[in-house]
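Me: Could you pick one part of this structure and take me through it closely? I'd like to know what sits there and what lies around it, in terms I can follow at the bench.

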Amino acid sequence: MRTLFKGGTIVNADATGKGDILVDGERIALIGENLDVTADKVVDATGKWVIPGGIDPHTHMELPFGGTFAKDTFESGSRAAAFGGTTTIIDFAVQPRGGTFRQGLDTWHEKADGRTCIDYGFHTIVSDMRDDLLPEMDALVDEGVTTFKLFTAYPGVFLSGDDAIFKAMKQTARNGGLILMHAENGPVIDVVAADLVAQGTTDPIGHGLARYSIFEAEATNRLIRLAQAAKAPVYFVHMSAKEALNVLRAAQNDGLPAFAETCPQYLFLGLDDLGNGFNGSKFVCSPPLRDRAAGHQEELWKGLVKGNLSAVGTDHCPFDFHGQKEMGRGDFRKIPNGLPGVEERLDLIHHGGVVEGRMTPNRFVEITSTGAARLFGLTKKGAVAVGYDADLVVYDPNRRHTLSASTHHMDVDYSCYEGLEVQGGSDVVMSRGKVIVDNGQWLGKPGDGKFVKRERSQFLR
Ligand code: DUC
Ligand code: ZN
Ligand code: ZN
């Protein structure tokens, strides 16, 4: 099967140019001006951009959490991702406590294989970092699961001690893997949360009030120093606080290999969304949404523009308002943590980044695709280039549309951005040579997506 994309403006992280793209099978075969070639299918991209398919390095499909499961399956969540222009996700396979990393990986393969509509990789969530598992980390890195997420939050569930984190970092310094950190001081947050509940604050706003931004900064600083001592790189997931970003900037200025992502919710939503009684439970995630007046959002945008933040992930972890978020009525500590967002990432970042004049189209492509590809060893993705996977999006930078639960494809009963009008939309989405979204029409199927064995990070070679 040969497909010709004609007349588009090709936008890569490093260059923009007009040209046609010939896709042969699963790969990009030829790029040039006015290509005179035969094809089975022609996609007219006149007046549109052709960009590399989005890469979301942070999703949680079917995550067991807070006594329930994240609602999107690999099938529904990956389909929604595709409608939003994302053609690769990296999801988190959870090590069962007391078990091995491989057990977590096997469980995630059972959930995802044959069901996912776009390509996918896995990070490992380390629930229980034991010495006997250190050699298993080496094996996983060799098998394409090169990244391990540890937590300084969620005591009794995911929290690791500094000693265990340090050992894991030392192991990746040796084996070329990368430690991802959820940086918040969980035990101290629990103290503040208990005080708030004792004083009668049980509504969702308590979730935001308990998790101070300086607790994120404290953990970020501690982890940067641990990584420095271990001579290992470190990547912070879902950075939300300007104080944490300042710690990161200082480390980067010192030449340390410290990286981070942020998420759309920290750029668009705020602590005020957690108010409004129990309705605020729709916005409960960790780290929490931050006080808009304190200026976190503009600092995070600056971090994205200047390169301190390398990627935008969603932390997509959807729970229905009815039946799931409601588990925390009367005690915000029992609200399942997580927001839906895998579908809206590109359009939100395009709108806030490019349309509002903060960044170039190239930087938009870099933080939604190329950056994650390079950091996470997706060596055939993240660029419109000959020999690369034909993961392509015909993106209309002028189309305006309104985000709403009544039109989104995520399997969750609300939208965090209900009624927000954004500019920019994915018209045609191709995943490894197959058009799976054609102007709103779904042409994909479960199992179209393949597990991607990732290489070691290209930034760390
Ligand atoms: N944060 C969330 O909001 N949900 C899942 C896990 C996490 O760290
Ligand atoms: Zn996390
Ligand atoms: Zn997460």
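Reply: **The two zinc ions and their surroundings**

At 1% relative accessibility, His-238 counts as buried; buried means under 20% relative accessible area, exposed over 50% and partly exposed in between, using a 1.4 Å probe and protein chains only. Before we go on, please keep in mind that this is a predicted model, in which local features need pLDDT of at least 70 and side-chain atom pairs count only at pLDDT 80 or more, while totals for chains, interfaces and linings use all residues. Residues are numbered from 1 along each chain as its sequence is written, chains are lettered from A and ligands numbered from 1 in the order in which they are written, and side-chain values use heavy atoms, with hydrogens and water left out.

His-238 gives its NE2 atom to the zinc ion (ligand 2), which is also coordinated by NZ of Lys-149 and ND1 of His-182, at 2.1 to 2.2 Å. Donors here are N, O and S atoms within 2.8 Å of the metal (3.2 Å for Na, K and Ca), and water is not among the atoms, so sites may look incomplete. Lys-149 counts as buried as well, at 2% relative accessibility. Written along the sequence, the donor residues of the zinc ion (ligand 2) follow the spacing K-x32-H-x55-H. Lys-149 sits in strand E11 (residues 147-151), whereas His-238 is in the loop between strand E13 (234-236) and helix H8 (242-253), so this pair ties together parts that are 89 residues apart in sequence. Helices (H or I, at least four residues) and strands (E, at least two) are DSSP runs, numbered from the N terminus.

Now for the neighbouring metal. The zinc ion (ligand 2) and the zinc ion (ligand 3) are 3.7 Å apart. NE2 of His-58, NE2 of His-60 and an OD atom of Asp-315 are the protein donors of the zinc ion (ligand 3), lying 2.0 to 2.1 Å from it. Their spacing along the chain is H-x1-H-x254-D. Because His-58 lies in strand E6 and Asp-315 in the loop between strand E15 (311-312) and helix H11 (345-355), the pair ties together parts that are 257 residues apart in sequence. Both His-58 and Asp-315 are buried.

Next comes the other ligand. The residues around ligand 1 (each with a heavy atom within 4 Å of it) include the zinc donors Lys-149, His-182, His-238 and Asp-315. Ligand 1 is also surrounded by Phe-151, Tyr-154, Cys-285, Ser-286, Cys-317, Asn-337 and Gly-338. His-182 has a polar side-chain atom 3.0 Å from an oxygen atom of ligand 1. Backbone atoms take part too: an N or O of Ser-286 lies 2.9 Å from a nitrogen atom of ligand 1, and an N or O of Asn-337 lies 2.9 Å from a nitrogen atom of ligand 1.

Two of the residues around ligand 1 have backbone details to look at. Tyr-154 has a positive phi, near 60 degrees, in a residue other than glycine. Tyr-154 is placed in the loop between E11 and helix H4 (162-175), and with a relative accessible area of 15% it is buried. Ser-286, for its part, is joined to Pro-287 by a cis peptide bond, with omega about -5 degrees. Pro-287 belongs to the loop between helix H9 (264-268) and helix H10 (296-306).

Pro-287 leads us to Ser-240, back in the loop between E13 and H8. Ser-240 touches Pro-287 along with Glu-216, Tyr-266, Pro-288, Arg-290, His-296 and Leu-300, leaving out residues up to four places away in sequence; contact means heavy atoms within 4.5 Å. The side chains of Ser-240 and Glu-216 make a polar contact of 2.4 Å. A polar contact is a pair of N or O atoms within 3.5 Å; within protein, one must be able to donate a hydrogen and the other to accept it, and residues adjacent in sequence count only if both atoms are side-chain atoms. Ser-240 is buried, with a relative accessible area of 1%.

To sum up, the zinc ions are 3.7 Å apart, and ligand 1 has His-182, His-238 and Asp-315 among the residues surrounding it.
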